[in-house]
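This briefing sets out selected features of one structure for use at the bench. It treats the ligand surroundings, the main pocket, the cysteines and one loop residue in turn.

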Amino acid sequence: MQITVLGATGTIGSRIADQLEERGHQVQRASRSKGADAWDRTGLERAFNGDAVVVDCLNIETIGAKKSREFFTGTAKNITHTAQSAGVSRIVCVSIAGAADPKVNRWFGYYQGKAAQEQTYQQSAVPTTIVHSAQWFELMDNVVRRATLGPVTVLPTMKMAALAADRAAAIIAEDIEQSAEDANDRTLAIRGPEEATTLQICRAILAARGSIDGRRPRVMTQAPYLGRAIAAGGLIPDHGVTDDLTVEQWLAGST
Ligand SMILES: NC(=O)c1ccc[n+]([C@@H]2O[C@H](COP(=O)([O-])OP(=O)(O)OC[C@H]3O[C@@H](n4cnc5c(N)ncnc54)[C@H](OP(=O)(O)O)[C@@H]3O)[C@@H](O)[C@H]2O)c1
């Protein structure tokens with residue numbers, strides 16, 4: 001298949017593009033640095049020309065609801081309109097398990113944007129796959145960066161079923177192949193094998209690597225500032241594909 005991956009320089013987009021290429025597909029890697037901007041539509045038409053599938057792996061670094069909503073709905077609308085006129089058969093949107101639940105996203109504006117993105121795709125005329133992924137181990141660098149002031153890290157209390165981004169990408173690539181002929185809207189839920197808090201995962205990374213995001217916090221603790229629903233496991237999908245690679249195996253170098 002001919003497939004465009006938007007956000008192909010990012011954590012998951014680069015891995016999905018690699019996986020699809022390894023499976024013999026013709027992959028176009030798109031992002032602003034490669035001349036395609038999903039916000040103002042620059043280069044989208046050219047990128048989607050002849051595509052069977054478009055994969056949305058876009059992201060914006062914000063915690064604000066307004067900015068997140070604007071970005072995720074604006075880009076999703078541009079992608080669906082362009083995909084429809086280009087005759088694309090399916091759009092795959094990488095989203096987050098639980099993020100569209102109002103109880104979960106109430107105190108985290110970024111997730112409200114993801115909820116709006118999912119809704120935009122659900123309303124589109126092009127068949128979509130919404131991927132409800134649990135968090136990736138690789139996200140912890142980002143979380144620690146945001147939660148650290150000097151030697152102190154106060155992580156949000158989040159119970160997760162995290163998995164390796166490589167494994168998530170492989171599951172998504174396989175699903176893209178299997179759903180090529182499907183004309184219906186679908187969802188794909190993905191999770192890792194264990195349930196643990198952000199604090200437990202970050203402690204495991206620190207113990208194995210000595211630093212996390214280049215930092216060695218002297219105090220690392222957690223507080224439920226993203227809300228009780230997230231603290232209690234609202235981001236854990238209750239069905240779907242469960243990958244078997246644990247954080248300890250991932251840290252030991254298994255892939
Ligand atoms: N991290 C997790 O644990 C996790 C779990 C589940 C789901 N997700 C979701 O997965 C998605 C991807 O996350 P990620 O961590 O892989 O993102 P990321 O590493 O921040 O990468 C974002 C990508 O989007 C591109 N981009 C940003 N704005 C763009 C625009 N206007 N037009 C075209 N390309 C643009 C960036 O490249 P340029 O800067 O070159 O444009 C980059 O390639 C997000 O929507 C996130 O919510 C994340």
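Around the ligand there are 28 residues, of which Thr9, Arg32, Leu58, Tyr110 and Lys114 come nearest. The model is predicted, and every distance and area below is computed from it.

**Ligand contacts**

- A polar atom in the side chain of Arg32, one of the nearest residues, lies 2.7 Å from an oxygen atom of the ligand.
- The side chain of Ser33 places an N or O atom 2.8 Å from an oxygen atom of the ligand.
- Ala38 takes part through its backbone, where a polar atom is 2.9 Å from a nitrogen atom of the ligand.

**The largest pocket**

- The volume of the largest pocket is about 1,200 Å³.
- Its lining comprises 46 residues, and those nearest the centre of the pocket are Asn59, Ile60, Glu61, Tyr110 and Asn142.
- Tyr110 thus appears both among the residues that come nearest to the ligand and among those nearest the pocket centre.
- At least two lining residues come from each of the helices α1 (11-22), α3 (65-86), α5 (109-122) and α6 (139-147), and likewise from the strand β4 (90-96).
- Helix α6 gives the most to this lining, with seven residues.
- Sorted by class, the lining holds 24 nonpolar, 14 polar and eight charged residues.

**Cysteines**

- The structure contains zero disulfides.
- Cys57 is in no disulfide, and the nearest cysteine sulfur, which belongs to Cys93, is 8.7 Å away.
- Why does the sulfur of Cys93 form no bond with that of Cys57? The two sulfurs are 8.7 Å apart, which is too far for a bond; a disulfide would require them to be within 2.5 Å.
- Cys57 is buried, because its relative accessible area is 10% and the limit for a buried residue is under 20%.
- Cys93 is buried as well, with a relative accessible area of 0%.

**Ser124 in its loop**

- Ser124 is located in the loop between helix α5 and strand β5 (128-133).
- Is Ser124 buried or exposed? Ser124 is buried, since its relative accessible area is 14%, and a residue counts as buried under 20%.
- The side chain of Ser124 reaches the backbone oxygen of Val126 at a distance of 2.9 Å.

How values were computed
Residues are numbered from 1 along each chain as its sequence is written. This is a predicted model: local features need pLDDT of at least 70, side-chain atom pairs count only at pLDDT 80 or more; totals for chains, interfaces and linings use all residues. Side-chain values use heavy atoms; hydrogens and water are left out. Buried means under 20% relative accessible area, exposed over 50%, partly exposed in between (1.4 Å probe, protein chains only). On a 1 Å grid over the protein atoms alone, a cavity is a set of points where a 1.4 Å probe fits but cannot get out, and a pocket is an open set with protein on both sides within 12 Å along at least five of seven lines; lining residues have an atom within 4 Å of a point. Grid points are joined across faces, edges and corners, and a volume is the space filled by probe spheres set on the points. Helices (H or I, at least four residues) and strands (E, at least two) are DSSP runs, numbered from the N terminus. Ala, Val, Leu, Ile, Met, Phe, Trp, Tyr, Cys and Pro count as nonpolar, Asp, Glu, Lys and Arg as charged, and the others, Gly among them, as polar. A residue is near a molecule or strand if one of its heavy atoms lies within 4 Å of it. A polar contact is a pair of N or O atoms within 3.5 Å; within protein, one must be able to donate a hydrogen and the other to accept it, and residues adjacent in sequence count only if both atoms are side-chain atoms.
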